[in-house]
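This report describes how two bound ligands are held by their protein surroundings. Please consult the sequence and structure shown below while reading.

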Amino acid sequence: MSSHHTLLITGGAGFIGSNFVLSAIAQGHRVVNLDALTYAGNLGNLSSIESNPNHIFVQGNINDRDLVERLLSEHHPSAIVHFAAESHVDRSIAGPEAFLKTNIDGTFTLLRAARAYYESLAPEARMGFRFLHVSTDEVYGTLAPEDPAFHEKTPYAPNSPYAASKAASDMLVRAWVHTYKLPALITNCSNNYGPFQFPEKLIPLMILNALAGKPLPVYGDGQQVRDWLFVTDHCTAISAVLENGQIGETYNVGGGNQRANLDVVNTVCALLDELRPDSPFVPHGQLITYVQDRPGHDRRYAIDARKIESELGWHAAESFETGLRKTVQWYLNHPDWLDNVTSGAYQQWVTKNYAARTEAATGDYAVAPVEAGAK
Ligand code: NAD
Ligand code: DAU
């Protein structure tokens, strides 16, 4: 974004949100960061801007309409960038309720408050106002090996409770544009990786377990394909859409890095063998363990990013090789960050998710419900 703005960012203490907040502050923007600090939110991600007066952190829930309205009227943002969500597919299978509350109800609350705020603005401020909804490629469902990549017109076919809740929130945003003329845009992005990702997701979980000599749990046959994007590339895509995207449009964002999960895990292991040659667990690949598959596991995601590339001139800066090396190195350089996020409730989740998989060699998959939003 070229000139300096005030942005209301939701979920700015999470993985992608905190990366975006750090970059927005570095560009001179003022950020009001609304985050409930669930298990996935971590102020440690923002310690480098702790005393920066341009970063105003507010611990609160996007479902608190009074709070959202107060923040809008007090701070007069020129944009709302909406990251806050329950984001982990496995947790959505174990306990979908929090996903509906945050991802659907929470987006509805934000849209209502945003509309009232937008309608209260003077004509010139209205022209510049944007609501950017950060969404996922999982709304499109799953691809067979020969299928073309997801494009913006691919029909929605969400398969997990997480994907269904994000698809519902996308539909609400679409309706607010169409019916109320709210100047909103949607981005649908593929799998992100990089600094500050909570180690419940594939790449940081594998790094953490490998360092501790624990099994590396590969679901099913490990041949499911994801399209990986380094997190700062997602952030530059969001900035490009905020600045130059067409109101009411959606933009697919992806790095063109399709990899099978097993290849990703093997590459992480090879990087650790190189960067930690004295570890007693070299070769780390020996720790790979096949465990029971995720129910309803989507086989393949792939993004066709030609629209954002041709219309907005956005391109990913990192290849998967450079981005993954930076990521592994970042986790090796930040043991305190890992210690901090893996205490308490994290252990509870890991026990529930992986004990059910390894103990149940046959039969139905069953994970006791875990409230996703709970610390
Ligand atoms: P995350 O789980 O790391 O962070 C979510 C943040 O939202 C946390 O800080 C959490 O405290 C906050 N939050 C949760 N519920 C809240 C509520 N009710 N009120 C206020 N704050 C709340 O998620 P992430 O991986 O950074 O994903 C951010 C967004 O990007 C999500 O909307 C997700 O669907 C989307 N997305 C993620 C990926 C990915 O690969 N991680 C890819 C595409 C899109
Ligand atoms: O595609 C975008 C989505 O990517 C985002 O919308 C989600 O918020 C984000 O969590 C991510 O979803 P995935 O389910 O693809 O990510 P996850 O890291 O959980 O899993 C990646 C792949 O690795 C998936 O095929 C499941 C597999 N996996 C995952 C874990 C945690 C394993 O094999 N073992 C594991 O322990």
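## Elements around ligand 2

In this predicted model, the helix α7 (202-212) and the strand β8 (216-219) each contribute at least two residues to the shell around ligand 2. The largest contribution comes from β8, which provides 3 residues.

The shell around ligand 2 comprises 24 residues, and the nearest of these are Asp137, Tyr162, Arg294, His297 and Tyr354. Sorted by class, the residues around ligand 2 are 10 nonpolar, 8 polar and 6 charged.

## Polar contacts and burial of ligand 2

Several side chains place an N or O atom close to oxygen atoms of ligand 2. For Tyr162, the separation between such a side-chain atom and a ligand 2 oxygen is 2.6 Å. The side chain of His297 has an N or O atom 2.7 Å from an oxygen atom of ligand 2, and for the side chain of Arg226 the corresponding distance is 2.8 Å. Considered alone, ligand 2 would expose 690 Å², of which the protein buries 95%.

## Elements around ligand 1

Ligand 1 is surrounded by 28 residues, with Ile16, Asp35, Ser87, Tyr162 and Lys166 the closest. Tyr162 is thus named among the closest residues of ligand 1 and also among those nearest to ligand 2.

At least two shell residues come from each of α1 (15-26), β5 (130-136) and α6 (161-180). The strand β5 gives the most to the shell around ligand 1, namely 3 residues. By class, the shell around ligand 1 holds 13 nonpolar, 13 polar and 2 charged residues.

## Polar contacts and burial of ligand 1

Both backbone and side-chain atoms take part in the polar contacts listed here for ligand 1. On the backbone side, a polar atom of Phe15 is 3.0 Å from an oxygen atom of ligand 1. A backbone N or O atom of Asn192 lies 2.9 Å from an oxygen atom of ligand 1. A side chain is involved at Asn61, where a polar atom is 3.0 Å from a nitrogen atom of ligand 1. Taken alone, ligand 1 exposes 840 Å², and 96% of that area is buried by the protein.

## Summary of the two sites

Which strand gives the most to each shell? For ligand 1 it is β5, with 3 residues, and for ligand 2 it is β8, with 3 residues. The protein buries 96% of the area that ligand 1 exposes alone and 95% of that for ligand 2.

Methods: Residues are numbered from 1 along each chain as its sequence is written. Chains are lettered from A and ligands numbered from 1 in the order in which they are written. This is a predicted model: local features need pLDDT of at least 70, side-chain atom pairs count only at pLDDT 80 or more; totals for chains, interfaces and linings use all residues. Side-chain values use heavy atoms; hydrogens and water are left out. A residue is near a molecule or strand if one of its heavy atoms lies within 4 Å of it. A polar contact is a pair of N or O atoms within 3.5 Å; within protein, one must be able to donate a hydrogen and the other to accept it, and residues adjacent in sequence count only if both atoms are side-chain atoms. Accessible areas come from the Shrake-Rupley method with a 1.4 Å probe; for residues, only the protein chains shown count as cover. Helices (H or I, at least four residues) and strands (E, at least two) are DSSP runs, numbered from the N terminus. Ala, Val, Leu, Ile, Met, Phe, Trp, Tyr, Cys and Pro count as nonpolar, Asp, Glu, Lys and Arg as charged, and the others, Gly among them, as polar.
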